[in-house]
Amino acid sequence: MKKANLICTKCKKQFPLTHINPRCDICREPLEVEKVTSGKIHEGNILKQTMLERYADFFPFTRLDKEISLGEGFTPLAESPKLASELSVKNIFFKNESQNPTWSFKDRGTVAGVQHAIGSGHTRVGTVSTGNMAVSVAAYGARAGLKTFVLVSGDIPPEKLNPIAIYHPILIKVIGDYGKLYFHSLEIGKQQGIYFINSDVPLRVEGSKTIAFEICEQINFEVPDYVVVPTSSGGNIRGILKGFEEFRLCGLISKIPKMICAQAAGCAPIYNAYRSNKETISSVETPHTIAHSIANPYPPSGNEVLRKIKENEGTFVAVTDEEILRAQRRLAGEGIFGQPASAVPLAAVEKLRTEHMLTEHDTVVCIVTGGGLKSTVILKEHDLKVLHGKLEDLNILIENEL
Ligand SMILES: *Cc1c(COP(=O)(O)O)cnc(C)c1O
Ligand SMILES: [Zn+2]
């Protein structure tokens, strides 16, 4: 492991990187790896190179176990001139994270977490999640041959449970307050030697930096004006911003985009705190949204996202389920089928454009965090057109559609 410290995001107290507890002993806020101030991209053939190798200068590892990689990262950045013109923004791009090994951006943080777990002598990893993170940790844990503990909520439906179970982790349905489980699992991890790669732990945030790195490379280091991120725990938006900050410190880019923290109106603890001018978030009592992946009622990085995005002069926005569904349809019209949470950024752009927060001079990147097939139950909410006809009438049927 390189010599790097963990720093408390609030009180700035330092801890060694080997300190596995991801929260500050004093203020209980999240820790993060200190910023990289000199580094470059190691360009290679991306058919053979791994994401951790390409951006090795930006990770605290001295040795890489290449075989744990499943080819995470290197996802497309699709430009949409049609939507840019309809929305009257200069450019709009979609960073399509559904093209990761387990179909969401979580793989970026998982591979970094697993690498850190191995590098620090752990043989056990774990996570607390009922969705994409559980699938991702189960897959990479299996890949690396680590004993993998996945803690899910007691009421998880089978369509979510089975895609985790297929990787055969030690899968535990936990009856009780699921919100407390995040903190409780970290305690258990310390006692039992399990490296919990939870939503916003320092190495997961490090993994998310690569989204920013790739965006910079994909638009020739010009940097967008805004990056819109569907936000739950807050780990991903923190990582993306940190990535841009490090590239600037290293002289690879000259400015940092403004980040937009996009939440679902039915569970928007960070947005709510921003709107009511509070410095700390409060728990949402009864979260209710179709965007399950961003329905954390008490995000562990919520306070830090509030601090950081204000400092970055970014903004916060919440969109309704109806707006999310409309955006999901619109995104599919561009050939990209994202899960409901992943349509939240486009819905946010539509809203901010009407409110003139965004202008026709702005270049915007939306993070499509995970693939639509993760949530096929949502398809029944859409008006899906299917024509029926007999073989002998097919010619006429098609002719009517010309
Ligand atoms: C985890 C997840 C998010 C939220 O990311 P956080 O780091 O928890 O803020 C958004 N979209 C999808 C698809 C996810 O899986
Ligand atoms: Zn602190």
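Which spacing do the donors of the zinc ion (ligand 2) follow along the chain? In this predicted model, the donors are arranged as C-x2-C-x12-C-x2-C. The protein atoms concerned are the SG atoms of C8, C11, C24 and C27, which lie 2.3 Å from the zinc ion. The angles among the 4 donor atoms run from 93 to 124°, and the site is tetrahedral. Because four donors count as tetrahedral if all angles lie between 85 and 135 degrees, this range meets the criterion for the assignment. Distant parts of the chain are linked through the pair C8 and C24, which are 16 residues apart. Of these two cysteines, C8 belongs to strand β1 (residues 5–8), whereas C24 is found in the loop between β2 (14–16) and β3 (31–33). Both C8 and C24 are buried.

The loop between β2 and β3 also contains N21. Is N21 buried or exposed? With a relative accessible area of 13%, N21 is buried, because this value is under the 20% limit. A polar atom of the N21 side chain is placed 3.2 Å from the backbone nitrogen of R23.

The surroundings of ligand 1 were examined next. The shell around ligand 1 holds 16 residues, of which K106, N132, S232, S233 and T369 come nearest. By class, this shell is made up of 11 polar, 4 nonpolar and 1 charged residues. Backbone atoms of G234, G235 and N236 are placed close to oxygen atoms of the ligand, as the following distances show. For G234, a backbone N or O atom lies 2.9 Å from an oxygen atom of ligand 1. For G235, the distance between a polar backbone atom and an oxygen atom of ligand 1 is 3.4 Å. For N236, a backbone N or O atom is found 2.9 Å from an oxygen atom of ligand 1. Ligand 1 taken alone exposes 390 Å², and 96% of that area is buried by the protein.

A further residue considered was E79, which is located in strand β4 (residues 77–79). E79 has a relative accessibility of 44% and therefore counts as partly exposed, a class that covers values between the 20% limit for buried and the 50% limit for exposed residues. The C-alpha atoms of E79 and E43 are 23 Å apart in space, and the two residues are separated by 36 residues in sequence.

Methods. Residues numbered from 1 in each chain as written. Chains lettered and ligands numbered in written order. Predicted model: local features only at pLDDT ≥ 70, side-chain atom pairs only at ≥ 80, totals over all residues. Heavy atoms only, no water. Near = heavy atom within 4 Å. Polar contact = N/O pair within 3.5 Å; in protein donor to acceptor, adjacent residues only side chain to side chain. Areas by Shrake-Rupley, 256 points an atom, 1.4 Å probe, with all protein chains shown as cover. Nonpolar A, V, L, I, M, F, W, Y, C, P; charged D, E, K, R; others polar. Donors = N, O, S within 2.8 Å, 3.2 Å for Na, K, Ca; no water. Tetrahedral: all angles 85-135°; square planar, octahedral: opposite > 155°, others 65-115°. Helix = DSSP H or I, 4+ residues; strand = E, 2+ residues; numbered from the N terminus. Buried < 20%, exposed > 50% of the residue type's maximum accessible area, 1.4 Å probe, protein only.
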